[in-house]
Amino acid sequence: MKPTKKNRLFILLLFLILFANYSWAQGLLDGFMRGRGNLVTALSYSNESYDTYFVGDNKTQNPNLGTIKTNSFGIFVAGGVTDYLDVIVSAPYISARATQGFMSDQDDFQDISLFVKGRFLNRSVANNATLSLMAVGGISTPLSDYIADSPVSIGNQSTQWDGRLIAQYRFSQGFFVAAQTGYIKRGNVDIDRGLEVSVPDAWDYILRTGGSYKKWYADAWLQHQNSRNGTDIGAGVPFPSNDIDFTRIGLTLYHPIPKFENFGIAVGGGFTLSGTNIGKSNRFSASLVYHFSVAAQSID
Amino acid sequence: MKPNFKIILPLIVLATLFSCSEDIPDMVELQPLVSASQDGDAGSWKSVMGIDYLSELEMPVAESTDSEAYRAELERLVKITKERTSAQEGKIKYWGAGGVIRWNQIMRDLVGKYNVAPAVGSAPDPQRPFANPPFAARAYALLSVAQHDALIAAWKLKYEVNRPAPSTVSGEVNTLFDATPLPCYPSEQAVIASVSSSVLKTLFPAEADFIDTLAEEHKNTVSWGGMGTESDVMSGNALGTFVASKVMGYAKTDRMSLAADPNATYTSFFEINANTVPEPWICIELPLRSPMLPLYGRVKTWMDSTAVFAALPPLPPQVGTPEFNADIANVRKISDKRSREQWRISDFWADGGGTSTPPGHWNLIAENLILQNKWSEVRTARAFSLMNRAIMDSGILCWYAKYKYYFPRPSQIDPNIRVATGIPNFPSYTSGHSSFSAAAGTVLGYLFPSEKESLEQQFTEAGDSRVYGGIHYQFDNLEGRKSGVAVGELLISEGQNDGIDN
């Protein structure tokens, strides 16, 4: 193993921050490539909570649930198969609880995600800036038989297919802007009450801007996700069928750990600004990152 | 090699993006009913209300098929059937699956729609009732009894008048389904449409327009399909409306109007005090809410009330006694280590807010058995009537026990007991699910002997589900089940003597 090129190391991280819950999984995907033979692994912890949620568009609170708190532990691996192709895998363990009332806690492995990202254009443009275009295909599927149809749950049990396009413009100074749009196709789920429920597909949009420098990486992002159809939260309405929309903003920071070669720390925050049929949640994450390279030299 | 990915990946992405049609699970389409037997003797079956409807109601004399009046009706019918649209054919097929089944489904949908607890402090709206499980049990029973009595009277008249199907009188009638040997005056579909819609409109007044539209459509399918003439439909309509008025007249006097008990007179009625109930139930949800229908236990039972109340459960083990401690320890153990299968069972039978309630769940179970056996409309109505009266009477008994003993939920005593389903806002002992389900399953086990074992398993599981959910003690479950079975057996003894071969 040997360290990967320094200027790349710091720009690999934003995807670490926001991947532990199904509605956050798209945070995995950035506009950078790992490079052939380079691997990034991370262990992450994140904490999410909300005491206010949207029923349809209306904000509400439930004194019999109080605050819904979610803790996630995730493992994450991203690797460059070639300079044009990355493979990304993540799997979180999630626990969720309500601070009021008597509803049981939920905890289990949630969904494993596998993404394949290919860069099909990487062109130098004016002033040494670089324009990259990438396409991503992914699948995520439940790792356990967790309960999907409950006000306190860790996911919706749907197997999801994700297709998206990413465009990134990076200035020579390290500053970048990236935009992506994706379509998430969600499979039906069988819920405990004996029904097969359609889970709405969704469009997803992310804008991201930041800088990657010798040691630091930082970005800010805006995400909007919009289900194509679905139901409003209501008595007797299966939760997985809900029409979930949201707009979120967030920040990501990365810094290597001094004296520990190849290790770094990433921290991030995400904030739900508005939504339908979703908690108005805040999320904070921290990740321990380890990156290394395998056999990169021998193939050159 | 490497350029390949540049082409392949975008193609995969694009293929995914454009394959984005949603696949919504379809409802299972029901086949048109071709009943195994016409049940030609049903006119002699016993009615529930004990009323001789046909002697009380003045029906117009049925014209003979040779009469000019009938010929004119037939001519108009031929024209209607020849001009039939495909939309009308769709409706004929929909209602052709069985009118009793369809109106039962409509009732279940309405119960689901109205099974939403009103905001705390809001005044009850008689136009928009809260269709909670006890309300629903009574609603299903009233609908089924009205259908049962109306169809017995209809069958009696059918075989008295003995008017054949229009298509056997005139070959020009363009039927969609083959005519049955069942005499068609009065039209049983018109009877079902009018009796059912009248009951439903009384229970859900705000839905009157919706219900009228459905009833009109149901009645129209009789002529669109060439199954009956105007007088067949009109006489059916008159009979159905009349029977419904009798049944809903009874419903006005069954004391349901007192059940909500806004002034909480139940505490004095049941003499709830520190001596009789040392550890009383309290509301453990926020905001605080009055318990559900405290005087439902005083609603009139369908069966002899002495016989029903002979099955009143005994005093439960008092809080703090060893027997109680052992039982609550069991609930706590489940709460601490609930298995996925216990979760599933709890969810499967929860039938909580927004659903057709546990009584509705049992109506669905009955529907499936009835459809498999291709029962006639009148036999179907009788099955629902026996089952739904058992459900309601067992519910009355259960509600009486709930307020008489006023027993706390497990989480009230041990707040560390975490639940898999909502904690109902009323006392624990006995379990409503166990009572309703055991009563329903016992009756269905009599009606469908080959399914008896499976039904017992189902009603046992339905009751167990509440213990798995963490909201009931096992003694709530077992005593509820026992009294449910006892009430079910009362209905079985009626079923053994109502003139019908099983």
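Here is a short walk through chain B of this predicted model, from its confidence scores to a helix pair and a loop residue.

Let's begin with how far the predictor trusts its own work. For the complex, the predictor gives an ipTM of 0.89 and a pTM of 0.92. Chain B has a mean pLDDT of 94, with 94% of its residues at 70 or more. One stretch to treat with care is residues 16–26 of chain B, where pLDDT stays under 50; for this stretch the model has 20 contacts beyond four places in sequence.

Now turn to two helices of chain B, α6 (residues 133–161) and α8 (residues 188–203), whose axes come within 9 Å and cross at roughly 155°. Angles over 145 degrees count as roughly antiparallel, and α6(B) and α8(B) are therefore roughly antiparallel to each other. The crossing of α6(B) past α8(B) is right-handed. If you would like to select the contact in your viewer, the residues from α6(B) include B:Leu142, B:Ala146, B:Ala150 and B:Ala154, while those from α8(B) include B:Val191, B:Val195, B:Val199 and B:Leu203. Sorted by class, this contact has 13 nonpolar, 2 polar and 1 charged residues. Among its members are B:Gln147 on α6(B) and B:Glu188 on α8(B).

Our last stop is B:Pro262, found in the loop of chain B between α10 (230–252) and α11 (266–269). Is B:Pro262 buried or exposed? B:Pro262 has 10 other C-beta atoms within 10 Å, and a residue with 12 or fewer counts as exposed, so B:Pro262 is exposed. From B:Pro262 you can also look across to B:Ser290: the two are 28 residues apart in sequence, and their C-alpha atoms are 8.4 Å apart in space.

Technical notes. Residues are numbered from 1 along each chain as its sequence is written. Chains are lettered from A and ligands numbered from 1 in the order in which they are written. This is a predicted model: local features need pLDDT of at least 70, side-chain atom pairs count only at pLDDT 80 or more; totals for chains, interfaces and linings use all residues. Helices (H or I, at least four residues) and strands (E, at least two) are DSSP runs, numbered from the N terminus. A residue is buried if 20 or more other C-beta atoms lie within 10 Å of its own, exposed if 12 or fewer, and partly exposed in between; C-beta atoms are placed from the backbone. Axes are lines fitted to C-alpha atoms, for helices over the stretch in contact, and angles run from 0 to 180 degrees between N-to-C directions. Angles under 35 degrees count as roughly parallel, over 145 as roughly antiparallel, 65 to 115 as roughly perpendicular and the rest as oblique. A crossing is left-handed if the near helix is turned anticlockwise from the far one by less than a right angle, and right-handed if clockwise. Two residues are in contact if their C-beta atoms, placed from the backbone, lie within 7 Å. Ala, Val, Leu, Ile, Met, Phe, Trp, Tyr, Cys and Pro count as nonpolar, Asp, Glu, Lys and Arg as charged, and the others, Gly among them, as polar. pLDDT is the predictor's confidence in each residue, from 0 to 100.
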